[in-house]
Amino acid sequence: MSQIIVEGDGLRVRRMANDSTDVALMAGWLRDPRVLEFYEGRDRPFDERLVREKYAPRAEGGPVVPCIIEETADRAADHAQDPGDDRRTSAKRWSPVGYIQFYPVAENEAPYYGLTDSAEVWGLDLFLGFPERWGKGLGTQTLRLVLGYLFQQRGARRVVVDPVATNARAIRSYEKAGFRRVKLLPQHERHEGRMRDCWLMEAKKGPRCHEAPGPTGFGAEIAERDGA
Ligand SMILES: CC(C)(COP(=O)(O)OP(=O)(O)OC[C@H]1O[C@@H](n2cnc3c(N)ncnc32)[C@H](O)[C@@H]1OP(=O)(O)O)[C@@H](O)C(=O)NCCC(=O)NCCS
């Protein structure tokens, strides 16, 4: 089974491995209070044992697909290069920048999201592990890549996320990627010891079979990669 889930424009999403490298990577990110403030909670710092308990089993299979987001060191340079430039096809070095997981929403989980129907609905969660990289478009780009993959290759018709209502940066990033707010879910998620209101947000598969709604060019990008 390929470890690479989807790749494009100097960014890729690969399966997390149940090995010491990925466990250490996740523990490093999930002990940073700046990350924990928005993901897992500052009252729940991780160490390698906790990552092995919670995330490593997912890497062994199951409905939740845990993935590491990676980018090429020369991603910015890639943008500037001529398509015929040989350097575009040379071996790339990939650096981990974050985590994303996705999963089919099971029928019995539909009420949790306030959904009446979970058919072909997928959920996802993500964080970028380096706060200095936040707010620069990386999250939106990752989401577009993964939405294209879920719509095109996993048969998703709808993808949902449920950010805490005060997480304005995440909500904005999701909107840029093609999600829209559907409904407020009061007292939906326990975070740092308190139940929080969350937004149910949804991205629907676009009119073309492989297309996610959202900014112009996304569908074209996917089509080009697939030779469609
Ligand atoms: C959520 C996350 C993945 C988004 O990725 P990102 O690369 O930071 O997001 P983007 O840069 O693509 O988009 C962020 C948008 O929010 C804006 N923004 C940044 N900080 C903001 C803030 N404090 N309040 C409101 N908007 C903010 C940015 O300006 C940008 O919008 P713009 O392009 O219109 O200017 C990333 O910020 C992250 O990992 N955050 C911590 C963990 C987390 O919140 N995970 C989500 C849990 S649901």
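Begin by selecting R180, which is partly exposed because 13 other C-beta atoms lie within 10 Å, a count between the 12 or fewer of an exposed residue and the 20 or more of a buried one. The model on display is predicted. R180 belongs to strand β7. Next, show the residues around R180: beyond those up to four places away in sequence, R180 touches E175, M201 and E202. Draw a distance from R180 to E202; the two residues are 22 apart along the chain, and their C-alpha atoms are separated by 5.5 Å.

**Strands β7 and β8**

Extend the selection to the whole of β7, residues 180–191, and add strand β8, residues 194–204. These two strands run antiparallel and are joined by 8 bridges. To see the register, select R181, which stands opposite M201 in β8.

**The sheet as a whole**

Now display every strand. Which order do the 8 strands of the open sheet follow? The order is β1-β2-β3-β4-β5-β6-β8-β7, and the pairing is mixed. At the edges are β1 (4–8) and β7 (180–191), each of which pairs on one side only. From one strand to the next, the twist averages 25°. In general, the strands of a sheet pair through backbone hydrogen bonds, either parallel or antiparallel.

**Strand β5 and its partners**

Select strand β5, residues 121–128. Is β5 largely enclosed or open? Of the 8 residues of β5, 7 are buried, so the strand is largely enclosed by the rest of the structure. Add strand β4, residues 94–104, which pairs with β5 in the antiparallel sense over 7 bridges. Within this pairing, select F102 and then L124, its bridge partner in β5. Turn next to strand β6, residues 158–161, which runs parallel to β5 and is joined to it by 3 bridges. Here the residues to select are W122 and its bridge partner in β6, V159.

**R12 in strand β2**

Move to strand β2, residues 11–15, and select R12 within it. R12 is buried, because 21 other C-beta atoms lie within 10 Å and 20 or more is the cut-off for a buried residue. Leaving aside residues up to four places away in sequence, R12 touches I4, V6, E7, E70 and W94. Draw a distance from R12 to S95: the C-alpha atoms are 9.8 Å apart in space, while the residues are 83 apart in sequence.

**Helices α6 and α7**

Select helix α6, residues 138–153, together with helix α7, residues 168–177. The two pack at an angle of about 45°, and their axes are 9 Å apart. That angle makes α6 oblique to α7. The crossing of α6 past α7 is right-handed. For the contact itself, select G139, T140, L143, R144 and L147 on α6, and S173, Y174, K176 and A177 on α7. By type, the residues of this contact comprise 4 nonpolar, 3 polar and 2 charged.

**The full chain**

Finally, select the entire protein chain, which holds 8 helices and 8 strands. What percentage of its 228 residues is buried? Buried residues account for 33%. Of the contacts in the chain between residues at least 6 apart in sequence, 63% join residues at least 24 apart.

How values were computed
Residues numbered from 1 in each chain as written. Predicted model: local features only at pLDDT ≥ 70, side-chain atom pairs only at ≥ 80, totals over all residues. Pairing = 2+ DSSP bridges. Helix = DSSP H or I, 4+ residues; strand = E, 2+ residues; numbered from the N terminus. Axes fitted to C-alpha atoms, helices over the stretch in contact; angles between N-to-C directions. Contact = placed C-beta atoms within 7 Å. Parallel < 35°, antiparallel > 145°, perpendicular 65-115°, else oblique. Left-handed = near helix turned anticlockwise from the far one by under 90°. Nonpolar A, V, L, I, M, F, W, Y, C, P; charged D, E, K, R; others polar.
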